[in-house]
Amino acid sequence: MLGNMHSRTAAESGDPLRLFHLSDIHFGLEDTRALDWAKACIEQERPDAVAITGDLTMRARHPEFRAACAWIMALDIPVTVEVGNHDIPYFNLYERFFAPYKRFKVIERVLETQLDLPALAIVPLRTTTRAQYQRFPWSNGWVTDHALHQTLRAIDALPAGTRVLVAAHHPLTERRADGKLLTINGTHAMEQLAKRRVLGILSGHIHDPFDLTAQTPSGPLRMIGAGTLSLRIRSTPPSFNEIVVSGDQVKVTARNLDELPSEALQIDRVPENALPPRAPGEPVAPVGNVPATDPPVH
Ligand SMILES: [Fe+2]
Ligand SMILES: [Fe+2]
């Protein structure tokens, strides 16, 4: 149990570890220039691992999956991939309900896979469901009791002293400031993960990056969101997160082609979704790169 964890020296833990956290590539509406740049960064800098927190495609179509899988399988680096709400078949309802993961066959090996790095584990948490009886549409997250149990069990099985990052598609924030329901069961999940003193939760879905610390009854919980590498931008240019872990310190940099500082890209609250902010009071990154019209949706 992590309650027994002892402090490791940097040498024992293989520190510092460097991860690239990518999200929301949305093949079908990918930003080719940003994606080529991210790939070049991975090839040249060879991080210890790459975590991709979902929404590989726009509509889970076969050609989109083929492109996504080819891109991911060409990465010669340990990689874990989470499932996003856009990755569950949208048009084929039979597949959506009975074989939602069939189209991931080629990348099965890396799908929702726990990565065991020196004294650090990246543990998946599924937040995407094929249906939600509580509401429609089903684009927002739901941490089912089963999904949470699986993640907690994986964390509890780790050797003492292992640091943990959890990878999910949806941020776990359960309610928007005005009370609207976002991720179902998110508050309970956050409390359980804070209890286990995880270093942070990596997520996507929002398309703007963030690095926030939430307070829970079990203590603080770091919430790290990656931006998008697609044309479906919200209020920031395409970006990915570089995450450096040294001991129990986690440094997050939102890297982008324009070399803007992270602070210019990171939003200070979690909005509902990836659409550009149109209503007053919605979070907008300091860079304020809001497109005049909504990006196309395939
Ligand atoms: Fe997305
Ligand atoms: Fe999403």
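# Sheet, cores and backbone of a predicted model

User: What is the strand order of the open sheet of six strands?

Analyst: This is a predicted model. Its open sheet has six strands, and their pairing is mixed. The strand order is S4-S5-S6-S7-S9-S8.

User: Which strands are the edge strands of that sheet?

Analyst: An edge strand here pairs on one side only. Between neighbouring strands of the sheet, the turn averages 25° with direction ignored. The edge strands are S4 (115-117) and S8 (210-216).

User: How many bridges join S8 to strand S9, and which residue in S9 stands opposite Thr213?

Analyst: S9 covers residues 219-227 and runs antiparallel to S8. The number of bridges joining S8 to S9 is seven. Opposite Thr213, the residue in S9 is Arg222.

User: At about what angle does helix H6 run to S9, and helix H5 to S5?

Analyst: Helix H6 (residues 186-195) lies across S6, S7 (200-207), S8 and S9. Helix H5 (residues 145-156) lies across S5 (120-124) and S6 (163-167). The angle of H6 to S9 is about 110°, and that of H5 to S5 is about 165°.

User: How many residues has the largest nonpolar core, and how many has another core that lies apart from it?

Analyst: Leu22, Ala51, Val166, Ala167 and Ile201 have the most contacts inside the largest core. Leaving aside residues up to four places away in sequence, Leu22 touches Ala38, Val50, Ile52, Ala226, Leu229 and Phe240. Apart from the largest core lies another, with Phe210, Ala254, Ile267 and Ala285 among its residues. The largest core has 54 residues, and the other has eight.

User: Is Ala119 buried or exposed?

Analyst: Ala119 lies in the loop between S4 and S5. Its phi is positive, about 60°, although Ala119 is not a glycine. Because Ala119 has 20 C-beta neighbours inside 10 Å, it counts as buried.

User: Is Glu259 buried or exposed?

Analyst: The loop between strand S11 (249-256) and helix H7 (262-265) holds Glu259. Glu259 is not a glycine, yet its phi is positive, near 55°. Since Glu259 has 6 other C-beta atoms within 10 Å, it is exposed.

User: Over which residues does pLDDT stay under 50?

Analyst: The protein averages a pLDDT of 91, and 94% of the residues score at least 70. Where pLDDT is low, the predicted coordinates should not be read in detail. The model has seven contacts beyond four places in sequence for the stretch under 50. That stretch is residues 1-7.

Notes
Residues are numbered from 1 along each chain as its sequence is written. Chains are lettered from A and ligands numbered from 1 in the order in which they are written. This is a predicted model: local features need pLDDT of at least 70, side-chain atom pairs count only at pLDDT 80 or more; totals for chains, interfaces and linings use all residues. pLDDT is the predictor's confidence in each residue, from 0 to 100. Two residues are in contact if their C-beta atoms, placed from the backbone, lie within 7 Å. A nonpolar core is a set of buried Ala, Val, Leu, Ile, Met, Phe, Trp, Tyr and Cys residues joined through C-beta atoms within 7 Å. A residue is buried if 20 or more other C-beta atoms lie within 10 Å of its own, exposed if 12 or fewer, and partly exposed in between; C-beta atoms are placed from the backbone. Two strands pair if DSSP finds at least two bridges between them. Helices (H or I, at least four residues) and strands (E, at least two) are DSSP runs, numbered from the N terminus. Axes are lines fitted to C-alpha atoms, for helices over the stretch in contact, and angles run from 0 to 180 degrees between N-to-C directions.
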